[in-house]
Amino acid sequence: MRISVIGCGYLGAVHASAMVELGHDVVGVDVDGAKIAQLAAAKPPFFEPGLPEILTSASASGRLRFSTDIADAADATVHFVAVGTPQTRDGRAADLSYVDAAIEGLLPFLKPGDLVVGKSTVPVGTAARLASVIAGRGNGATLAWNPEFLREGYAVRDTIEPDRLVYGVADERAAAVLDEVYAAALAAGTPRIVTDYATAELVKVSANAFLATKISFINAMAEIAEATGADVTQLADALGHDTRIGRRFLNAGVGFGGGCLPKDIRAFTARAEELGRGESVVFLKEVDAINLRQRQRVVDRAIEALGGSVHGRKIVVLGVTFKPESDDVRDSPALDVAVQLKGLGADVVATDPQGIENARLRHPQLSYEPDLDLALRDADLVVLVTEWRPYRDLDPVRVGASVRARTIIDARNVLDPETWRAAGWHYRGMGRASGA
Ligand code: UGA
């Protein structure tokens with residue numbers, strides 16, 4: 001099939017390459033010329049494991065092109081819209097201007113039988129509105145909503161072998177076209193749910209709301225665990241054995257960040273309020289509040305660890321991205337903690353395997369040191385905020401020799417407290433007994 005993908009960010013660039021992998025001819029379109037030039041040279045403009053490989057093989061096959069001109073989407077019969085829906089300036093609703101612009105841009109090139117497929121995360125009701133915009137043009141094209149559930153860091157696998165496919169459609173033909181697009185994944189046994197627009201849109205936002213709630217739930221338990229001497233990691237293990245609960249997304253720590261979970265729960269709340277149903281999701285405000293409190297708790301812990309003031313002390317922040325295996329620093333809890341500590345007068349040195357360039361653009365006031373050993377030298381306090389493999393594997397004896405004080409805050413609960421304490425460290429986790 002001939003496919004266009006409008007928007008080549010984290011979602012679209014992976015989707016475009018993966019569609020070639022599934023056997024299609026693809027053109028990726030984006031207004032950002034620099035990004036398109038990089039993709040056309042088979043160089044991903046961001047870090048995503050596995051993307052360089054599929055981008056290279058897709059480009060070499062001659063079945064993947066990139067363009068800044070939406071007219072190049074004219075040959076395609078299926079058009080995926082994968083542009084961003086960031087938070088609006090007031091920090092609540094989703095900004096739909098890129099989605100609207102993508103649809104407007106496509107309209108002159110749509111032909112009878114074309115299918116426009118929305119992938120962006122949108123407030124429920126958007127697809128129905130866009131379907132009437134497309135129908136109003138009378139060019140015989142239709143709309144489907146096919147939300148995306150990929151995780152950064154696993155985006156390639158999640159796109160090629162998704163957990164499930166959800167089609168929000170207004171007619172059977174649209175479902176048949178999507179079946180053809182995803183034939184390879186369906187043949188491999190991927191479950192598919194065919195439903196209406198509103199349900200498809202809601203599956204996406206409610207999945208993210210559920211995941212966010214799960215994380216805030218365990219972080220709330222971490223607060224209680226701390227007040228009682230209990231250990232939240234053991235609590236999560238024990239809860240997780242109940243298959244109705246499950247162990248995944250029960251890792252307590254500094255909380256969730258990124259371009260999706262925080263903004264999606266706020267946009268969902270705003271949309272529910274617009275619909276007069278704000279009270280149904282009022283708990284999401286608490287989920288957000290618990291989440292933001294974790295960042296503050298890490299900062300408070302740092303102040304406490306340094307005897308009441310961080311002023312002039314060297315604090316090494318391990319990790320700046322919102323999670324490992326990504327260079328994404330959008331709404332990163334790690335950066336938030338680093339910036340707060342810097343604001344309190346600490347000499348903050350942040351390090352990260354992939355995120356320094358993006359972090360520096362947002363927070364040039366922080367000091368960055370890409371070399372882990374150099375970063376750690378003479379530290380008064382080490383704060384592990386993003387659980388990259390090299391930080392999980394740190395040897396407390398070796399690191400202990402180069403720091404000024406052996407004090408570590410493990411804001412992701414990924415280190416073994418006993419090993420670190422045995423090496424002479426003062427170890428503090430989140431929701432774990434503070435120890436001797
Ligand atoms: C999330 C969803 O997991 C995807 O299914 C969805 O497609 C995506 O948003 C999206 O809407 O585009 P992502 O933001 O890439 O994916 O990252 P997650 O793996 O969900 O992690 C989100 C945050 O939660 C990270 O900051 C992570 O450190 C944190 N987290 C995760 C925890 O604090 N505890 C956990 O147990 C799990």
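**Note on helix α1 and the ligand shell**

1. Helix α1 is mostly covered, with 11 of its 12 residues buried. The buried set begins with Tyr10, Leu11, Gly12, Ala13, Val14 and His15, and continues with Ala16, Ser17, Ala18, Met19 and Val20. A residue counts as buried here if 20 or more other C-beta atoms lie within 10 Å of its own.

2. The model is predicted. Its chain averages a pLDDT of 96, and 100% of the residues score at least 70. For the complex, the predictor gives an ipTM of 0.99 and a pTM of 0.96.

3. The length of α1 can be checked against its residue count. The helix covers residues 10-21, and at 1.5 Å a residue its 12 residues should span 16 Å. The C-alpha atoms at its ends are 17 Å apart, which agrees with that expectation.

4. The backbone just after α1 deserves a mention. Gly23 takes a positive phi of about 105° there.

5. Turning to the ligand, 21 residues surround it. The closest are Glu152, Asn251, Phe256, Gly258 and Cys260. By residue class, the shell around the ligand divides into 10 nonpolar, 7 polar and 4 charged residues.

6. Which helix gives the most to the shell around the ligand? Helix α9, residues 197-228, does so with 3 residues.

7. Both domain 1 (2-195) and domain 2 (205-287) contribute to the shell around the ligand, which draws at least three residues from each.

Key
Residues are numbered from 1 along each chain as its sequence is written. This is a predicted model: local features need pLDDT of at least 70, side-chain atom pairs count only at pLDDT 80 or more; totals for chains, interfaces and linings use all residues. A residue is near a molecule or strand if its C-beta atom, placed from the backbone, lies within 6 Å of it. Helices (H or I, at least four residues) and strands (E, at least two) are DSSP runs, numbered from the N terminus. Ala, Val, Leu, Ile, Met, Phe, Trp, Tyr, Cys and Pro count as nonpolar, Asp, Glu, Lys and Arg as charged, and the others, Gly among them, as polar. Domain bounds come from an automatic or database domain assignment. The expected span of a helix is 1.5 Å times one less than its number of residues. pLDDT is the predictor's confidence in each residue, from 0 to 100.
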